[in-house]
Each structure stands twice: as C-alpha cells, then as structure tokens.
Amino acid sequence: MPSTTFENLNPEKKDRVMTALLTEFSNHGLADAQVARIVTAAGIARGAFYKYFDDLTDAYQTLYHSAMAAIHRDVETASTGTFAPQTYYDAVVAFVDHFTDSEYDQLIQRHYRENESLLPEMPVPVQLPAADWSAMILSHATIKEIMLRPANRDATLTRFQQALQLLAE
C-alpha cells in the first residue's frame with residue numbers, strides 16, 4: 001500500500017511516478033524490475049521511492065490496482081440480487097475489449113505470465129451466493145485465458161457463456 005506521502009503528491013509528480021512504474025513493470029517482470037530505472041524515469045531520488053513504497057512489490061501492487069480500477073471504471077458491476085449470467089458475460093467482454101490496445105495491455109499480460117504467482121492471493125468474497133461466486137471465478141479465469149491466448153478469444157467466450165448458462169439452471 002503506498003504511503004500517505006505518495007497519496008499526497010501533486011498530481012504531476014504522482015503521474016510521473018505512475019508512468020515510470022507502468023513502463024518498468026510493462027517491460028520487466030517483478031523479479032527483474034529495478035528501482036534505479038524507476039527513479040531515473042520518474043526523476044525522483046531513490047530515497048523518495050522508499051518513502052512512497054515499502055519495496056518493488058508494493059509499487060507493483062499500487063500500479064496494478066490502479067490499472068484494474070481504470071479498466072473496470074466503465075464496466076457494469078451492479079448486482080440485481082438475482083443471478084444474471086448475461087451481466088457477467090457482458091462485463092468480461094467489456095473488460096477484454098477495454099484491455100485490448102490500452103496502455104495496460106503489456107502490464108496485464110506480464111502479470112498473468114510472470115507476476116501473478118509472486119503476489120499474495122486476493123481473498124474471494126465468500127458471502128456471495130454460490131452461482132455469483134462461481135461466475136466471478138470463471139470470469140477471472142476467462143479473462144486470463146484470453147489475455148494469454150488471444151487467438152482463442154471467441155471459443156473461450158463461447159465456453160464461458162455456456163458455463164454461465166449451466167450455473168443459471
């Protein structure tokens with residue numbers, strides 16, 4: 001989690017840091033990332049980096065959460081209270097479409113190929129009804145499959161839609 005010092009930076013400096021993080025983590029996996037390249041690109045002192053973030057993993061997670069928030073910003077996620085398979089399908093398609101050719105495409109692909117296994121697992125909300133929980137898990141697996149194998153997009157989406165229909169029965 002970034003420090004309050006980072007959160008309180010002026011927008012221009014904060015954008016420079018986030019752009020430097022995006023460049024570094026799009027071009028290098030978390031295991032190969034270097035603070036030196038980030039601070040040079042951002043035009044900040046090495047000590048400032050450690051005032052903003054605990055370490056490279058913290059910086060990566062900050063960037064990744066920011067990217068996810070930006071990508072999900074326009075994706076409909078409101079729950080109607082009943083299981084709605086089409087809502088999950090539409091959200092996955094919107095995510096994948098927004099992702100393609102976005103500034104985050106290399107970051108997300110590298111995340112799935114290299115970095116995901118280096119991070120602590122995110123807890124899954126267990127209070128969700130079983131069908132919604134299953135659909136959420138399937139949604140993330142579908143997105144990952146499409147990001148790693150874009151040539152299989154249509155077949156993967158068809159399989160996802162069929163699985164959602166089974167959950168609705």
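User: Is F53 buried or exposed in this predicted model?

Analyst: F53 has a relative accessibility of 1%. The cut-offs, with a 1.4 Å probe and protein chains only, are under 20% for buried, over 50% for exposed, and partly exposed in between. Since 1% falls on the low side of that scale, F53 counts as buried.

User: How many aromatic pairs are there?

Analyst: Rings of Phe, Tyr and Trp (its six-membered ring) pair if their centres lie within 6.5 Å; planes under 30 degrees apart are stacked, over 60 edge-to-face, and the rest tilted. Go by that rule and the aromatic pairs come to nine.

User: What angle lies between the planes of Y52 and F53?

Analyst: These two rings sit 6.3 Å apart, centre to centre, and the pair is edge-to-face. Y52 is buried too, at 5% relative accessible area. The angle between the planes is 90 degrees.

User: How far apart in sequence are the parts that Y89 and F160 tie together?

Analyst: Y89 and F160 make a stacked pair, 6.3 Å centre to centre with 20 degrees between the planes. Y89 belongs to helix α6 and F160 to helix α9 (helices are DSSP runs of H or I, at least four residues, numbered from the N terminus). Both are buried, Y89 at 17% relative accessibility and F160 at 3%. So the pair joins parts whose separation in sequence is 71 residues.

User: Which helix gives the most to the largest nonpolar core?

Analyst: A nonpolar core is a set of buried Ala, Val, Leu, Ile, Met, Phe, Trp, Tyr and Cys residues joined through side-chain atoms within 4.5 Å. The largest one here has 47 residues, with L21, F25, F49, L107 and I108 touching the most other members. Elements giving two or more residues include α2 (11–27), α5 (56–72) and α9 (153–168). With nine residues, the top contributor is α5.

User: Which residues does L21 contact, leaving aside neighbours within four places in sequence?

Analyst: Contact means heavy atoms within 4.5 Å. With those neighbours left out, L21 touches I38, F49, F53, A59 and L63.

User: And which residues does S26 contact, with the neighbours within four places left aside?

Analyst: S26 lies in helix α2 and is buried at 6% relative accessibility. Numbering starts from 1 along each chain as its sequence is written. Local features need pLDDT of at least 70 and side-chain atom pairs pLDDT 80 or more, while totals for chains, interfaces and linings use all residues, and side-chain values use heavy atoms, without hydrogens or water. Beyond those neighbours, S26 is in contact with Q106, L107 and R110.
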